[in-house]
Amino acid sequence: DWLTLSYTVGQFTFNIGKDVLAIGSSEYDYNDVDIHYSLATPFWHKNAAYQWGASVDFTTKEEDTTLRFQFSASPFGEWPFASKLFAYSLYWSGEYGCYTPFWSVNFMEYERGRFASIIALGNRFSVGDFTIELDYMNRATSIKRFFNQEFSVSAQLLYNYEDKVEAFVKGGYDHYNGSDIFGYEYETPDDIWYIPTDNSLCPSYWYVGGGVHYFPLRESRDLRLQAVAAYNNFAKSVAITVGATYHFNLTKTILKNRK
């Protein structure tokens, strides 16, 4: 998904390569392989989040605040830079005691000189063994109707027991008023599966669910066993997922073998 080269000078870090778009939400703070599809927002499903480009980060001396400006190919283009559609992002993240923000302003060109504008406000609160995540995102192509086109809200409550077991519940709501900015067109209804690929099919979409993660390896979270159940008002059915995710840590393996 990504490959970047970075160079740090003082409090600035310069990055170039393929990277995730600097979109502010706790959902985008996770790796893709750790996201449960049935409990992800439609925007996460539809947006081509990994693009070629460059960015510059500024980190405070206390290392509790990072600002990023990113220039990249637009997710609306078919090939990187060939379509001459670009995206511009300003992203803020930090760690302030129990509070971690993921905020951004994004402008994504969908036609030459025309932009989809996004305000994304991700918030994470950690209190003891509990983590609360609250996300809000507004999307629009018109300044006059900026807060009257698309928006998403989601919330997740997670409980961590001794770093071996995680139990969580999550829910979200998406509302669309007018054309689908990030939707795709399909030739037949057979291509429509679990979430509304065309927002006109479900202008008010909501989902809810929960699950459990178990990390069986000693002093490691590389292997995750998971069971998740979710319901949404588009499919009108329950999706149940049981499986395992293993993170192969190549660096740790090489260093261990060298010892």
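These are my notebook entries on a predicted model of one protein chain.

**Entry 1: confidence**

I began with the pLDDT values. The chain has a mean pLDDT of 89, and 93% of its residues reach 70 or more. I then looked up a weak stretch: residues 184-191 have a pLDDT below 50. Beyond near neighbours in sequence, I noted 6 contacts for this stretch in the model.

**Entry 2: cores**

Next I asked which residues have the most contacts inside the largest nonpolar core. They are Ile23, Tyr28, Phe43, Met108, Ile118 and Met137, in a core of 14 residues. Two elements, α1 (42-46) and β7, give two or more residues to this core. I also found a second, separate core of 12 residues, with Leu39, Val228, Ala230 and Phe234 among them.

I went back to Tyr28 for its contacts. Leaving aside neighbours within four places in sequence, Tyr28 is in contact with Val20, Ile23, Phe43, Trp44, Asn47 and Ala49. Of these partners, Ile23 and Phe43 are on the list of core residues with the most contacts.

**Entry 3: Ser117**

I looked up Ser117, which lies in strand β7 (residues 114-127). Is Ser117 buried or exposed? Its relative accessibility is 9%, so I wrote it down as buried, the cut-off being under 20%. Not counting residues up to four places away in sequence, Ser117 touches Asn106, Phe107, Asn138, Arg139, Ala140 and Phe146.

**Entry 4: a patch on the surface**

I then turned to the surface. Phe125, Phe130, Ile132, Leu134, Leu157, Tyr159, Tyr161 and Val169 form a nonpolar patch there. Together they have about 670 Å² of accessible area. Which strands each supply at least two residues of the patch? I found β8 (130-140) and β9 (150-161).

I picked Leu134 from the patch, and it is found in strand β8. Leu134 has a relative accessible area of 39%, so I listed it as partly exposed, which means between 20% and 50%.

**Entry 5: Ala229**

My last residue was Ala229, found in strand β12 (residues 223-232). Ala229 counts as partly exposed because its relative accessibility is 33%. Not counting residues up to four places away in sequence, Ala229 touches Val208, Gly209, Gly210, Val238, Ala239 and Ile240.

I also checked one distance. Ala229 and Glu78 are 151 residues apart along the chain, and their C-alpha atoms are separated by 34 Å.

How values were computed
Residues are numbered from 1 along each chain as its sequence is written. This is a predicted model: local features need pLDDT of at least 70, side-chain atom pairs count only at pLDDT 80 or more; totals for chains, interfaces and linings use all residues. Side-chain values use heavy atoms; hydrogens and water are left out. Patches are made of residues with over 30% relative accessible area and no salt bridge: like charges are joined within 9 Å, nonpolar side chains (Val, Leu, Ile, Met, Phe, Trp, Tyr) within 5 Å. Accessible areas come from the Shrake-Rupley method with a 1.4 Å probe; for residues, only the protein chains shown count as cover. A salt bridge is a side-chain nitrogen of Lys or Arg within 4 Å of a carboxyl oxygen of Asp or Glu. Helices (H or I, at least four residues) and strands (E, at least two) are DSSP runs, numbered from the N terminus. Buried means under 20% relative accessible area, exposed over 50%, partly exposed in between (1.4 Å probe, protein chains only). Contact means heavy atoms within 4.5 Å. A nonpolar core is a set of buried Ala, Val, Leu, Ile, Met, Phe, Trp, Tyr and Cys residues joined through side-chain atoms within 4.5 Å. pLDDT is the predictor's confidence in each residue, from 0 to 100.
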